[in-house]
Amino acid sequence: MRYDEVLQRPKLPHDVVRVILAIDPGFVDPTIIQVIGRDKQGIYRTYIRYRLTRIDFNEQQKIIHWLTEFYHVDQIALDVGSGGNGSAMMHNLMYADEYKGKGYDKRIIAIQFAQKVLSGYTEDGEELFQEAKAFAATELANTIQQGILRFSEVDNEGLSQMERIAKKKSVNGRDLYFVLSDKGNGADTDDHIFASYICYALAIREEPFLQVQRKLAQPRGIHT
């Protein structure tokens, strides 16, 4: 059967003004695609979650395109780190003839959990950098606490992973975030929903907020 005969695309509420696909790709490990929308009040919600297991990568990128066209997706936050083949799918969506004119070069945000991202400024205006996954995990927690990202009461799977997020220090002092197993005795191998939300958290970083931080961090006596 074709994917469009199995998967459903329910309509989003009429007041959704921004749509993000947050994608943690895989093959043996499942691919998680979340359709996350922001309403006119600035609240994000996960409206649909797709779990694809052992689906060919060519078909996965067709599914991404199929969803993007239907939901008029603004941003695609795609993990392109090693192991998930996200970089190949990104390249195909951006440059393959069948997707020409679709604007994927402007819509896809390539996510790499280990890369360094700007996280703030010192009092002297110097840039501070943090590993992307650690930065995004903190931002994700903040958006949940502030009610910017809200969960459905029936989303037991998503809520369960969010409630089991844990942090520990590595031997070199880095913050490592992971999902505890149900028994609480180590990391859960199924952390793909969390990984997808990490992609979402990196997609919604607001440059104006960072610019405000930069101005506040400038040394006294300097004006712009």
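Leaving aside neighbours within four places in sequence, which residues is His65 in contact with? In this predicted model, they are Leu93, Tyr99, Lys102 and Tyr104.

**His65 and His72**

His65 sits in helix H2. Its relative accessible area is 16%. The cut-off for buried is under 20%, so His65 counts as buried.

His72 lies in a loop, between helix H2 (57–71) and strand E4 (75–79). Its relative accessible area is 63%. Exposed means over 50%, so His72 is exposed. Arg18 is 54 residues away from His72 in sequence, yet their C-alpha atoms are 8.8 Å apart in space.

The two histidines side by side:

| Residue | Place | Relative accessible area and class |
|---|---|---|
| His65 | helix H2 | 16%, buried |
| His72 | loop between H2 and E4 | 63%, exposed |

**H2 against H3**

How do the axes of H2 and H3 cross, at what rough angle? Helix H3 covers residues 86–95. The two axes come within 10 Å and cross at roughly 55°. That angle makes H2 oblique to H3. The crossing is right-handed.

On the H2 side, the residues that meet H3 are Phe57, Asn58, Gln60, Gln61, Ile64 and His65. On the H3 side they are Met89, Asn92 and Leu93. By class, the contact has four nonpolar, five polar and no charged residues.

His65 thus appears in this helix pairing, and Leu93 of H3 is one of its listed contacts.

Key:
Residues numbered from 1 in each chain as written. Predicted model: local features only at pLDDT ≥ 70, side-chain atom pairs only at ≥ 80, totals over all residues. Heavy atoms only, no water. Helix = DSSP H or I, 4+ residues; strand = E, 2+ residues; numbered from the N terminus. Buried < 20%, exposed > 50% of the residue type's maximum accessible area, 1.4 Å probe, protein only. Axes fitted to C-alpha atoms, helices over the stretch in contact; angles between N-to-C directions. Parallel < 35°, antiparallel > 145°, perpendicular 65-115°, else oblique. Left-handed = near helix turned anticlockwise from the far one by under 90°. Contact = heavy atoms within 4.5 Å. Nonpolar A, V, L, I, M, F, W, Y, C, P; charged D, E, K, R; others polar.
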